[in-house]
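Welcome! Take a moment to look over the sequence and the 3D view before reading on.

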Amino acid sequence: MAARPRFTSRATVLVLVLCSLVAILAYPTRQFISQRAEISAQRAKADHVRQQVEQLRRDKARWQDPEYVKAQARARLHYAVPGETPYIAADPSGAAARPSASAAGPSASATAAGPSANAAGRPNAAKPWYAGIWDSVDAADTAALAPATPRPLPPSPVGDPTPHDH
């Protein structure tokens, strides 16, 4: 008996048909899966936006209440009702206005020698680091370019016993 070939012509045709079906259906299947993921992402985004709209509606309803508006005006704008005396408590140590040494970083020692506020009246901590460096370069440059004015000698007393070269 002759040995049967491992793949017959029918099996070869069947394998080719299956491979072509897989190749034909791969792209639409990938598109279907990506579209399903996009749909779920859009639904999640729509739910998030819907929650934001509900929160804004609640906020709008609160702002329609005159008592809430008064409370916000008092808290945010420091308004007072006529007849009241408004007070603002200030920190006596000044810790809120003064930056700490760890928050200011290495420029804290450099600014300790100079003025504590710039031309606009803001503290140096509000300026970027490169502005502090540039200001120090400008200050050094203007100090070097300033003409040296001779200091007048102190007046000598009339009865000075030290000899003078004239």
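## Helices first

A helix here is a DSSP run of H or I at least four residues long, and helices are numbered from the N terminus. With that in hand, you can place Q72, which lies in helix α2.

The model you are looking at is predicted. The protein has five helices and zero strands, and reading along the sequence gives the pattern α-α-α-α-α. Helix α1 covers residues 9–63, while α2 takes in 66–77 and α3 takes in 101–104. Helix α4 spans residues 107–113.

## How confident is the model?

Averaged over the protein, the pLDDT is 77, and 65% of the residues score at least 70. Where is confidence highest, and where is it lowest? Helix α1 has the highest value, at 95, and helix α4 the lowest, at a mean of 43.

Residues 100–122 deserve some care as you explore. Their pLDDT stays under 50, and the model has eleven contacts beyond four places in sequence for them. Where pLDDT is low, the predicted coordinates should not be read in detail.

## Surface and burial

The protein has 166 residues, and buried ones make up 4% of them. About 15,400 Å² is exposed, with carbon and sulfur atoms supplying 63% of that area.

One place to find on the surface is a nonpolar patch of about 660 Å². Its members are V13, L14, V17, L18, L21, I24 and L25. Among them, L14 lies in helix α1 and is exposed, because its relative accessible area is 52%.

## Two residues to find: Q72 and H78

Is Q72 buried or exposed? Q72 counts as buried because its relative accessibility is 16%, below the 20% cut-off. Leaving aside neighbours within four places in sequence, Q72 is in contact with W63 and L77.

H78 sits in the loop between α2 and α3. At 51% relative accessibility, H78 counts as exposed. The phi of H78 is near 60°, a positive value in a residue other than glycine. Most residues other than glycine have a negative phi.

## Salt bridges

How many salt bridges does the structure hold? There are six, and two of those to look at join residues of helix α1. R57 pairs with E54, their closest N and O atoms being 3.2 Å apart. The two residues are three apart in helix α1, so about one helical turn separates them. R57 is exposed, with a relative accessible area of 53%, whereas E54 counts as partly exposed at 36%.

D59 and R62 meet through their side chains in another salt bridge, at 2.4 Å from N to O. D59 and R62 are also three residues apart in helix α1, which means about one helical turn lies between them. Both ends count as partly exposed: D59 has 21% relative accessibility and R62 has 40%. A further bridge links K127 with D135, where the closest N and O atoms are 2.1 Å apart. K127 is buried, with a relative accessible area of 18%, while D135 is partly exposed at 35%.

Notes
Residues numbered from 1 in each chain as written. Predicted model: local features only at pLDDT ≥ 70, side-chain atom pairs only at ≥ 80, totals over all residues. Heavy atoms only, no water. Patch = residues over 30% accessible without salt bridge, like charges linked within 9 Å, V, L, I, M, F, W, Y side chains within 5 Å. Areas by Shrake-Rupley, 256 points an atom, 1.4 Å probe, with all protein chains shown as cover. Salt bridge = Lys/Arg side-chain N within 4 Å of Asp/Glu carboxyl O. Buried < 20%, exposed > 50% of the residue type's maximum accessible area, 1.4 Å probe, protein only. pLDDT = per-residue confidence, 0-100. Contact = heavy atoms within 4.5 Å.
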